[in-house]
Amino acid sequence: MEGGVEIHTDGACSGNPGPGGWAALMRWNDREKELSGWAAHTTNNVMELIAVISALEALKRPCSVDLYTDSRYVLDGITKWITGWRRNGWKTSTKQPVKNVELWLRLESLAAQHRITWHWVKGHAGDPYNERVDRAARAAISIGISKKLHVLI
């Protein structure tokens with residue numbers, strides 16, 4: 001395993017569902033890399049998952065990772081619920097199909113390649129990195145909508 005990487009992620013949606021954006025900030029040694037993207041019609045939970053998946057996909061080799069998210073959905077899903085979902089044939093405790101199964105499978109596969117310590121941070125509470133990725137995720141929505149409108153004109 002390579003040295004430590006710090007990853008901060010966030011997802012946002014304008015309406016839920018609606019246009020969505022995601023962002024990830026990757027920090028190691030004295031370097032930073034910011035990633036972001038958008039989708040025309042999605043949910044906040046999908047954008048939260050895509051942010052984490054995209055950051056982990058950007059790693060070039062197995063790493064020790066401290067991953068920070070303000071999404072209890074992502075954190076609890078990957079650290080608590082996924083084992084039961086798999087055991088129950090991808091059904092929730094109320095026997096409903098698990099949403100976003102393909103994303104959970106991608107995340108599970110990626111997480112297995114790294115040594116990840118998961119951290120929850122309270123959103124919109126002044127954490128500078130969480131605020132930064134929140135701004136970047138919301139900006140991705142605006143940029144994506146602008147590009148889409150430009151194509152239509």
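Me: What makes two rings an aromatic pair here?
Reply: Rings of Phe, Tyr and Trp pair if their centres lie within 6.5 Å. In this predicted model, the structure holds 4 aromatic pairs. Tyr73, Trp81, Trp85, Trp90 and Trp104 form one aromatic cluster.

Me: Why is the pair of tyrosine 73 and tryptophan 104 called edge-to-face?
Reply: The ring centres are 5.2 Å apart, and the limit is 6.5 Å. That makes a pair. The planes stand at 70°. Over 60 degrees counts as edge-to-face, so the name fits.

Me: What does the pair of tyrosine 73 and tryptophan 104 tie together?
Reply: Tyrosine 73 lies in helix 2 and tryptophan 104 in helix 3, so the pair links parts 31 residues apart in sequence.

Me: How do you know whether tyrosine 73 and tryptophan 104 are buried or exposed?
Reply: Buried means under 20% relative accessible area. Tyrosine 73 has 18%, so it is buried. Tryptophan 104 has 0%, so tryptophan 104 is buried too.

Me: Why is the pair of tryptophan 85 and tryptophan 90 called tilted?
Reply: The centres are 6.4 Å apart and the planes are at 45°. Stacked needs under 30 degrees, and edge-to-face needs over 60. An angle of 45° meets neither, so the pair is tilted. Both tryptophans, 85 and 90, are buried.

Me: How do you know that the charged end of arginine 72 sits over the ring of tryptophan 120?
Reply: The charged end is 5.2 Å from the ring centre. The distance limit is 6 Å, and the charge must also lie within 35 degrees of the ring normal. Arginine 72 is listed as sitting over that ring.

Me: What makes glutamate 32 and arginine 132 a salt bridge?
Reply: The N to O distance is 3.0 Å. The cut-off is 4 Å, so the contact counts. Glutamate 32 is in strand 3 and arginine 132 in helix 4, so the bridge joins parts 100 residues apart in sequence. Glutamate 32, at 42%, is partly exposed. So is arginine 132, at 26%.

Me: Why is lysine 80 called exposed?
Reply: Exposed means over 50%. Lysine 80 has 52%, so the label applies. Its salt-bridge partner, aspartate 76, sits 3.5 Å away, N to O. Aspartate 76 has 11% and is buried. The two are 4 residues apart in helix 2, about one helical turn.

Me: What makes arginine 138 and aspartate 134 a salt bridge?
Reply: Their N to O distance is 2.8 Å. That is within 4 Å, so they qualify. Arginine 138 is partly exposed at 45%, while aspartate 134 is buried at 5%.

Conventions:
Residues are numbered from 1 along each chain as its sequence is written. This is a predicted model: local features need pLDDT of at least 70, side-chain atom pairs count only at pLDDT 80 or more; totals for chains, interfaces and linings use all residues. Side-chain values use heavy atoms; hydrogens and water are left out. Rings of Phe, Tyr and Trp (its six-membered ring) pair if their centres lie within 6.5 Å; planes under 30 degrees apart count as stacked, over 60 as edge-to-face and the rest as tilted. Buried means under 20% relative accessible area, exposed over 50%, partly exposed in between (1.4 Å probe, protein chains only). A salt bridge is a side-chain nitrogen of Lys or Arg within 4 Å of a carboxyl oxygen of Asp or Glu.
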